[in-house]
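Here is a short tour of one model, taking in a DNA strand and then two helices. Have the structure open as you read.

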Number of protein chains: 2
Amino acid sequence: MQSIVQVYYFCPVENKKVTIHQLAAKLNLSASTISRALSDHPRIGKETRELVKRTAEELNYKPNTLASNLRKGKGKLIGVIIPRINRNFFSYAIAGMESVINPAGYSLMICQTNENVETEKSSFENLINNRVDGIIMSVSIQTTNGDYLQRALKQGVPIVQFDRVLPNIDVDKVLNDNLSGAYQVTKHLLEQGYRNIVHFTGPLHLNIYADRLEGYKNAMIEAGIEVTSDMVFENALTREEGERIVNEMIAANTLPDAIFAASDFSALGALLTLKKHKIEIPGRVGIAGFANEPFTELTEPGMTSVEQHSEELGKTSARILIDRLESNTKRELCSLVSFKPKLIIRESSLRKK
Amino acid sequence: MQSIVQVYYFCPVENKKVTIHQLAAKLNLSASTISRALSDHPRIGKETRELVKRTAEELNYKPNTLASNLRKGKGKLIGVIIPRINRNFFSYAIAGMESVINPAGYSLMICQTNENVETEKSSFENLINNRVDGIIMSVSIQTTNGDYLQRALKQGVPIVQFDRVLPNIDVDKVLNDNLSGAYQVTKHLLEQGYRNIVHFTGPLHLNIYADRLEGYKNAMIEAGIEVTSDMVFENALTREEGERIVNEMIAANTLPDAIFAASDFSALGALLTLKKHKIEIPGRVGIAGFANEPFTELTEPGMTSVEQHSEELGKTSARILIDRLESNTKRELCSLVSFKPKLIIRESSLRKK
DNA sequence: TTGTAGGCGTTATCAA
DNA sequence: TTGATAACGCCTACAA
């Protein structure tokens, strides 16, 4: 990689800041009249309004949202905190939020934590200090408790948690039914004749991984299979971990019948490693992931996974928040919405054809 | 998909907003003293400062950034406008920006336009009205001119354009050398013995597609091959378009030797369609994309593409902007930085082994 | 229909 | 070291 730097001519700056007072002076009106004209207040002459708007345009007036929000006490702004914006699940969730929030006249302030709890806290503070109307969030992998949220809650800033949520905190929550998703996957694997099914999971303080583990266990127990601790791999979310674990299994000659990973990425690592070693999928080992990342459709064999309706989750989260913001009556209840995810069966787990 | 709704108990709100005046009253100090204490002003007693900070903590005081920014005239906030946050290129560019901007004490306000020029304009207005210190942006596919930027520029809000930039607008620019990237790809295909190479491209008013087309043409001409208009497909950026075009080629029996797509997605559509028809890649048709999306590594055969160093682009854009913000001397020049992208050769174009 | 006055929460200036 | 005052730009009673 190489970088070249060139320079060229520049457009000069006129540094005059136009306010409603400038407009007022120019038009021999009062600032309040300008304010009313610009905000389509009813009590104003039609001609005045148009004159003001025209002049504002000419002078390149830009309303100062800061001042306006400060004065009004609030400003149609919603904060979003998520672990990563480049995860399919989250980016579609954001698209869903936008589709609800923008038409309602709000804007979004998006923060990503990169799975870092300190970043999460400071983003949260930042949003609160910027006086957002509400916050929609999904916690990082490192986050174990929500004490830092409590104080904001008391201040009356509504929070909606989605997907990865914290226990013991009374806010609206929008979830996937991870237990059901994992149960569906595991049951499917069992139906395909796999018996010794292992599970790749993540930090179990996070609801999503705890629930997926639970769903897996439920299906196994239902099939009369005991789940022992050596069947559950806890730090197994990344492609690299998936590769590492499968390599170890191959070396130790302990390959299971099937792998159900709580992450598509570790499932990918497993799949690629098995392929590299010419181990047949789904014949010798079946594979299933979770989240239906776009690449699951492209691997060979295609990877069985679980679709989580992320856009719907985003929409619902946004609707609940806006509902709370716009209903003046203070409600005493929180809602808990849960979406049932959908098993997407592909060849990686289809032993019986 | 199904959704269940439940409700449960709720945590009540204490709706008292704490300001520096509350703190002042409580401590029998003046608001200015509180302000100074909280912002670590030098002219303040150590004990007072600690007392104030402790009390602020106790009362759950949150500084009002709006008020502070309004008063100070500015607020350590940088706006980012991009087409889509879930494109690998852009999400890594953002990661790069964050890595520079956060340590410098700024925050990011991220807006995605979904390739819609109206959304782009309103996001832009919104950022300006929120008095961001500067804006880093990449325009949408629909954007053909930057008139709406000019007025903001005159107001002195610095703008850095990256990747997809507009001509005739004097701002700092950070680019990929798309011409070089496309030239490298095409030359590589030629070296592999492909002759009849077609090009999938996008709207040619966008620098990135115009430049890639140019690079492709340069290499072809250099090899003594004339590029005729039927060799260039203009609306060919999506997977669906890639599929459609290749299907038509197959039906019309006009398959080329190789396809160089300006987008990995249309290259993917082409690749999958060829595979479906059992047309050999790279034997019968060679394929190359652009952007090195993660899936290019996973297709079979792996897809040749071009890595664009998006994180570096993001970092550089951020550095240039911050530099401009923090250098008090007004500079008369804009910089133009260009990164040379890197050809990533995979099997989809490797006819000679 | 328009103007006046005051304040949103903070900080900078000046004085004490 | 601290306090009083004014102002950032806007909005909203209230008065005219």
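The residues of the surface near DNA strand C divide into eight nonpolar, 12 polar and five charged. This is a predicted model, and in it 25 residues surround the strand, with Ser32(A), Thr33(A), Gly45(A), Asn64(B) and Ala67(B) the closest. Two or more residues each come from helix H2 (31–38) and helix H4 (65–72) of chain A, and likewise from helix H1 (20–27), helix H2 (31–38) and helix H4 (65–72) of chain B. Of these, H4(B) gives the most, with five residues.

Now to two helices, one in each protein chain, set side by side.

| Helix | Residues | Expected span | Distance between end C-alpha atoms |
|---|---|---|---|
| H6(A) | 13 residues, 117–129 | 18 Å | 18 Å |
| H11(B) | 13 residues, 264–276 | 18 Å | 18 Å |

In H6(A), the expected and modelled spans agree. Its buried residues are Glu120(A), Ser123(A), Phe124(A), Leu127(A) and Ile128(A). Seen down the axis of H6(A), they fall within an arc of 135 degrees, so they line one face of the helix. An α-helix has 3.6 residues a turn, so residues three or four places apart point the same way. The buried residues of H6(A) pack against strands E2 (77–82), E3 (107–112) and E4 (134–137) and helix H7 (147–154) of chain A. Just past H6(A), Arg131(A) has a positive phi of about 55 degrees.

In H11(B), the buried residues include Asp264(B), Phe265(B), Leu268(B), Leu271(B) and Leu274(B). What do the buried residues of H11(B) pack against? Their partners in chain B are strands E7 (197–200), E9 (258–261), E10 (286–288) and E11 (305–307), along with helix H10 (239–252). After H11(B) comes Lys278(B), with a positive phi near 55 degrees.

Terms used. Residues are numbered from 1 along each chain as its sequence is written. Chains are lettered from A and ligands numbered from 1 in the order in which they are written. This is a predicted model: local features need pLDDT of at least 70, side-chain atom pairs count only at pLDDT 80 or more; totals for chains, interfaces and linings use all residues. A residue is near a molecule or strand if its C-beta atom, placed from the backbone, lies within 6 Å of it. Helices (H or I, at least four residues) and strands (E, at least two) are DSSP runs, numbered from the N terminus. Ala, Val, Leu, Ile, Met, Phe, Trp, Tyr, Cys and Pro count as nonpolar, Asp, Glu, Lys and Arg as charged, and the others, Gly among them, as polar. The expected span of a helix is 1.5 Å times one less than its number of residues. A residue is buried if 20 or more other C-beta atoms lie within 10 Å of its own, exposed if 12 or fewer, and partly exposed in between; C-beta atoms are placed from the backbone. The arc is that of the directions from the helix axis to the C-beta atoms. Two residues are in contact if their C-beta atoms, placed from the backbone, lie within 7 Å.
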